[in-house]
Amino acid sequence: MQGVLFDLDGVITDTAKFHFKAWSRLAKEKLNVELPKSFESDLKGISRLDSMNRILKFAGLEAQYSDAEVNQFAQAKNELYLNEISKLTQADILPGIENLLDELAANGVKLSVASASKNAPFILEKLGLRQQFDAIANPAKVNHGKPAPDIFIEAANQIHVDPEQCVGIEDAKAGVEAIKAAGATAVGVGSTMDLNEADVVVADTSKLTYAVLEEAFEKRTE
Ligand code: G16
Ligand code: MG
């Protein structure tokens, strides 16, 4: 294992609740629609614009607005979201992650972020983790979102490691699919039922250690 490719939301910190809060407010204020709680997990790993389009579809309003208006809504959501995440601190890092980053660095493993979020650099800065990563893949540079492999391939390219030599960590089904499609080893965080395509699944981030990742990598490549 030469590199580890990290999803952000749900692996490094839990931003899904802030995304949902911002989307709910936007949907209510601009579209007069109440979003069901299921959207919090349904929008995980989905890009900002794709999320907006899913919400419009849910509201039965997909043909009502021009591209410019849809973009404006997405931008308004981002402003609400930025306000939420500006309060993030080191205390918002998920359990076990700081220790894992230290262990990986001590073992000479390169670390890269493969998030769909354009706010990933800002979030990592807020968490005090920016310096721990060797690279952050830019989602604006990739053509297809998760479950397509693009962002994981880009994250591996950024650290100059072949995806086959990398382990990817994800909490979303579409993310696990993306890791596998990139040719990397997939470690899922969450329920075995949802993430059954992963090579190894752990219940939560506190179970993520160098040994668990290395074992998953060895098991898959033997
Ligand atoms: C995250 C979230 C998604 C969000 C996407 C884009 O993905 O899970 O809900 O829509 O980023 O975020 P932004 O609007 O900040 O660009 P990931 O890949 O980190 O799980
Ligand atoms: Mg995620």
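Trainee: In which sense do E1 and strand E2 pair, parallel or antiparallel, and over how many bridges?

Mentor: Bear in mind that we're looking at a predicted model here. In general, strands of a sheet pair through backbone hydrogen bonds, in one of two senses, parallel or antiparallel. Strand E2 covers residues 110–113, and its pairing with E1 is parallel, over four bridges.

Trainee: And which strand do four bridges join to strand E1, besides that one?

Mentor: Take strand E1 as residues 3–6 and look for a partner that runs parallel to it. Phe-6 gives a handy pointer, as it stands opposite Ile-169 in E4. Residues 166–170 make up that partner, strand E4.

Trainee: Which residue of E2 does Phe-6 stand opposite?

Mentor: E1 and E2 are joined over four bridges in the parallel sense, so we can look along E2 for the residue across from Phe-6. That residue is Val-113.

Trainee: Are the two faces of E1 covered or open, and which residues are on each?

Mentor: In a regular strand the side chains alternate between the two faces of the sheet. Here Gly-3 and Leu-5 go to one side, and these residues are buried. The other side is buried as well, so both faces are covered, and its residues are Val-4 and Phe-6.

Trainee: Which strands stand at the edges of the sheet?

Mentor: The sheet is open, with six strands in the order E3-E2-E1-E4-E5-E6, and the pairing is parallel. An edge strand has a single partner strand, so one side of it is left without a neighbour in the sheet. That applies to strand E3 (135–136) and strand E6 (200–202).

Trainee: Which residues have the most contacts inside the largest nonpolar core?

Mentor: In soluble globular proteins, nonpolar side chains tend to be buried together. The largest such core in this model has 50 residues, and helix H7 (residues 150–158) gives the largest share of it, five residues. Those with the most contacts inside the core are Val-4, Phe-6, Phe-152 and Val-167.

Trainee: How many residues does the second, separate core have?

Mentor: Ala-22, Leu-26, Ile-55 and Leu-56 are included in it. The count for this second core is 14 residues.

Trainee: What does the radius of gyration of the protein chain come to?

Mentor: The chain has nine helices and six strands. For 222 residues the globule rule gives 17 Å, and the chain's value is close to that, so it is as compact as a globular protein of that length. The C-alpha trace spans about 55 × 30 × 30 Å along its principal axes, and the radius of gyration is 17 Å.

Trainee: Where is Pro-147 found, and what is the peptide bond from Lys-146 to Pro-147, cis or trans?

Mentor: Pro-147 is found in the loop between E3 and H7. Omega for the bond from Lys-146 is near 15 degrees, and the bond is cis.

Trainee: Is Asn-32 buried or exposed?

Mentor: Asn-32 lies in the loop between helix H1 (16–31) and helix H2 (39–42). It has a positive phi of about 55 degrees although it is not a glycine. With 9 other C-beta atoms within 10 Å, where 12 or fewer is the cut-off, Asn-32 counts as exposed.

Trainee: What about His-160, buried or exposed?

Mentor: His-160 lies in the loop between H7 and E4, and this non-glycine residue has a positive phi of about 60 degrees. There are 12 other C-beta atoms within 10 Å of it, so His-160 is exposed.

Trainee: Which residues does Arg-220 touch, leaving out those up to four places away in sequence?

Mentor: Arg-220 has its place in helix H9 (residues 210–221), and it is partly exposed, with 14 other C-beta atoms within 10 Å. Setting aside those sequence neighbours, the residues Arg-220 touches are Thr-185 and Asp-199.

Trainee: Which residues are closest to ligand 1?

Mentor: The shell around ligand 1 has four nonpolar, nine polar and five charged residues, and 18 residues surround the ligand. The closest are Asp-9, Arg-48, Ser-115, Ala-116 and Ser-117.

Key. Residues are numbered from 1 along each chain as its sequence is written. Chains are lettered from A and ligands numbered from 1 in the order in which they are written. This is a predicted model: local features need pLDDT of at least 70, side-chain atom pairs count only at pLDDT 80 or more; totals for chains, interfaces and linings use all residues. A residue is near a molecule or strand if its C-beta atom, placed from the backbone, lies within 6 Å of it. Ala, Val, Leu, Ile, Met, Phe, Trp, Tyr, Cys and Pro count as nonpolar, Asp, Glu, Lys and Arg as charged, and the others, Gly among them, as polar. The radius of gyration is taken over C-alpha atoms; the globule rule is 2.2 Å times the number of residues to the power 0.38. A nonpolar core is a set of buried Ala, Val, Leu, Ile, Met, Phe, Trp, Tyr and Cys residues joined through C-beta atoms within 7 Å. A residue is buried if 20 or more other C-beta atoms lie within 10 Å of its own, exposed if 12 or fewer, and partly exposed in between; C-beta atoms are placed from the backbone. Two strands pair if DSSP finds at least two bridges between them. Two residues are in contact if their C-beta atoms, placed from the backbone, lie within 7 Å.
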